[in-house]
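This briefing is for a reader new to the structure shown below. It covers selected salt bridges and one helix with its surroundings.

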Amino acid sequence: MAAPMEFDFPAACEAFQDAVQKAVDQADPSQCFSYAESYCGNEPEKKAALDQAMRDVLRKMVLSKVMFVMVLDILYASAELCSASTPFLMLADVFDMMVLEDCEEMFDFVEDRVTTWKSDTFFDAGKNYLLRMCNDLIRRLSKSQNTVFCGRIQLFLSRLFPLSEKSALNLMSQFNLENVTVSILIDYNLYRKFWSLQDYFRKPVQCYDKAAWRAFAMYSDEVLSAFSSCKLDDLMSQRKKLARRDDQSQNFFAKYLTSEKLLDLQLSDSNFRRYVLVQFLILFQYLTSTVRFKSAAQSLTEEQTQWVKNAEERVYQLIRETPPGGDKFADTVKHVLQREESWNNWKNEGCPSFEREKPKDAPKPKGRPKRRRIGEDLQVGGGKLIKMGSAELTRLWNLNPDNMDACRSEKREFTPTLEEFFANAIEQNDPEAMVEDQYKDINNQNFQWRALRLLARRSPHFFLHTNQPAIPVSTYLEQMISKVAKEMPANGTEEMKTEVGEDEEEAMKETPEEEDNTEEQEQNKEEVNEVITKDQYVAVAQQLGDNWKKLATELGYSGEDISDFEELPDTETGLPGVKMIFLWQDSDPENTASVLRDALKEIGQLAIAESVFGSGS
């Protein structure tokens, strides 16, 4: 038996390069996939060869300044064939071979796919590569000339990593000691003392030393006194505002200019003064706050604490006096420092997770509960009140745990008589009662709905035809109540009319358009009982498109039901509207084509109703 042939890695890489190049040229990733799957060799060997081939092709395309996004798209589609770290190695290769201008343009590609990087497929394998790549970019950028690009990178990292990520936290309260501000040592007291404060801002822990503290307190008092004696004029800020309107671009300097000739100008600059005053507040907060990694010797005495408190009040007062918008700026700084204090407390507590942990004995979450009949939830919940969103629905839902017992209950309210139901409305309709329209029952939507259903069951006036066009429900009920009031018995022994009287018969005879209405009623009855066919509700759903949600709301479905239809659309057509209309018709025999046609008209889709069901009546 012949020994198996060894995998030729260089030959495989060259073959895969040709396959990848063809896939890129023809924009057909399937060629590369099929070739890689059919190539002889085990999976780890083919995966390593394809990884190298991808990087080689990408390197050639970058050097020739050809768009290489297609290579990365092929890589995403072939995630199972390549290593999980390959996309990030390729991105690192790209940024290493590009100049900064091209890197900034290429970073759009990285930002747009932040959701892809956060997915389970890529995050665990690539988060360290992305962090290293972003840090390498920041090291290459200038903090004074590429501030926008640096900010984009920081925002991308904040979107990529979760809020509970601890890798970027300064848990040990370390300071950037490399940021040194050198001042020229000349015989000018204010200048020397002013710039000497930067060393304390850079390294606050030296303030706990007694000698350093005395120098810091003395220099701070003199600088704050200089700020207090040199008031700024609003006219200066107004001129700066006008200048900024002409030129919206603002220069940013990462380091201070420390020439002694500029000190007078800097003291008169609002922004410069705010920079220094805010540094004072940050230093004061660190000196007085509790930090987990401070030693026992790093604490202030009562005298020092009182000095810090007084100096902090002076600083806030100077910020409020610094135009423009000093009060607003002071409140903003105070708010930011309060938030920083909350973060400090969170780090002192060991950075607990922001996600609430479920107790160990908590029951496991179950799937979406099935819809139960009225009362079944009471049986499951052990008699607890089930809230249904409104007082009336809650009352009806919680009547009885057993549906059949609730139906047989003697306390159940059945259909009332016309005399009982309309007694109050008839009294309100009397002009002598002087009841305002807004307080009448006929203007209440709940009363209107119940009154129409009762009239349809008990009153012959409800089905009388008329030549009068459509009128508001309140006006219609007012007319019906007038007719019902005329038939009310004079005493409780008489019964109300239940048949059409002679006046109504004469009125029906005098209406020429309503002759031979027996056939028309039969035709209308057939239309009302019309069943919606599958072709019809498919056509309605297709023409509605995204507007099917409006129809679902019109038909009485809630937001939760609409979400269910979106998650589980019709299996044949893939349209959620098809399943919604089918279930709506199946839930009640009264849900017919005419009702659906009216609902379409209510949402402004008359054209769809006419095209599917005809013009109708």
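**Salt bridges and one helix**

D136 is partly exposed, with a relative accessible area of 32%. The model is a predicted one, and it holds six salt bridges. D136 takes part in a salt bridge with R139. The points below describe that pair, two other pairs, and then helix α26 with the helices its buried residues pack against.

**The pair within helix α8**

- In the salt bridge between D136 and R139, the closest N and O atoms are 2.7 Å apart.
- Both D136 and R139 belong to helix α8, which covers residues 123–140.
- Three residues separate D136 and R139 along the chain, about one turn of the helix.
- R139 is exposed, and its relative accessible area is 63%.
- R139 counts as exposed because its 63% is over the 50% cut-off, whereas D136 is only partly exposed because its 32% lies between 20% and 50%.

**The pair within helix α10**

- D199 and R202 form a salt bridge through their side chains, with an N to O distance of 2.8 Å.
- Helix α10 (residues 189–202) contains both D199 and R202.
- D199 and R202 are three residues apart, again about one turn of the helix.
- D199 is partly exposed, at a relative accessible area of 31%.

**The pair between helices α9 and α6**

- A salt bridge brings together the side chains of R152 and D108, at 2.5 Å from N to O.
- This pair links distant parts of the chain, as R152 and D108 are 44 residues apart.
- R152 sits in helix α9 (residues 147–160), while D108 sits in helix α6 (residues 100–112).
- R152 is buried because its relative accessible area of 18% is under the 20% cut-off.
- D108 is partly exposed, with a relative accessible area of 34%.

**Helix α26 and its surroundings**

- Helix α26 spans residues 534–544, and its buried residues are Q536, Y537, V538, V540, A541 and L544.
- Those buried residues of α26 pack against four helices: α27 (548–554), α29 (576–587), α30 (593–602) and α31 (606–613).
- G545 comes just after α26 and takes a positive phi of about 65°.

Note on methods: Residues numbered from 1 in each chain as written. Predicted model: local features only at pLDDT ≥ 70, side-chain atom pairs only at ≥ 80, totals over all residues. Heavy atoms only, no water. Salt bridge = Lys/Arg side-chain N within 4 Å of Asp/Glu carboxyl O. Buried < 20%, exposed > 50% of the residue type's maximum accessible area, 1.4 Å probe, protein only. Contact = heavy atoms within 4.5 Å.
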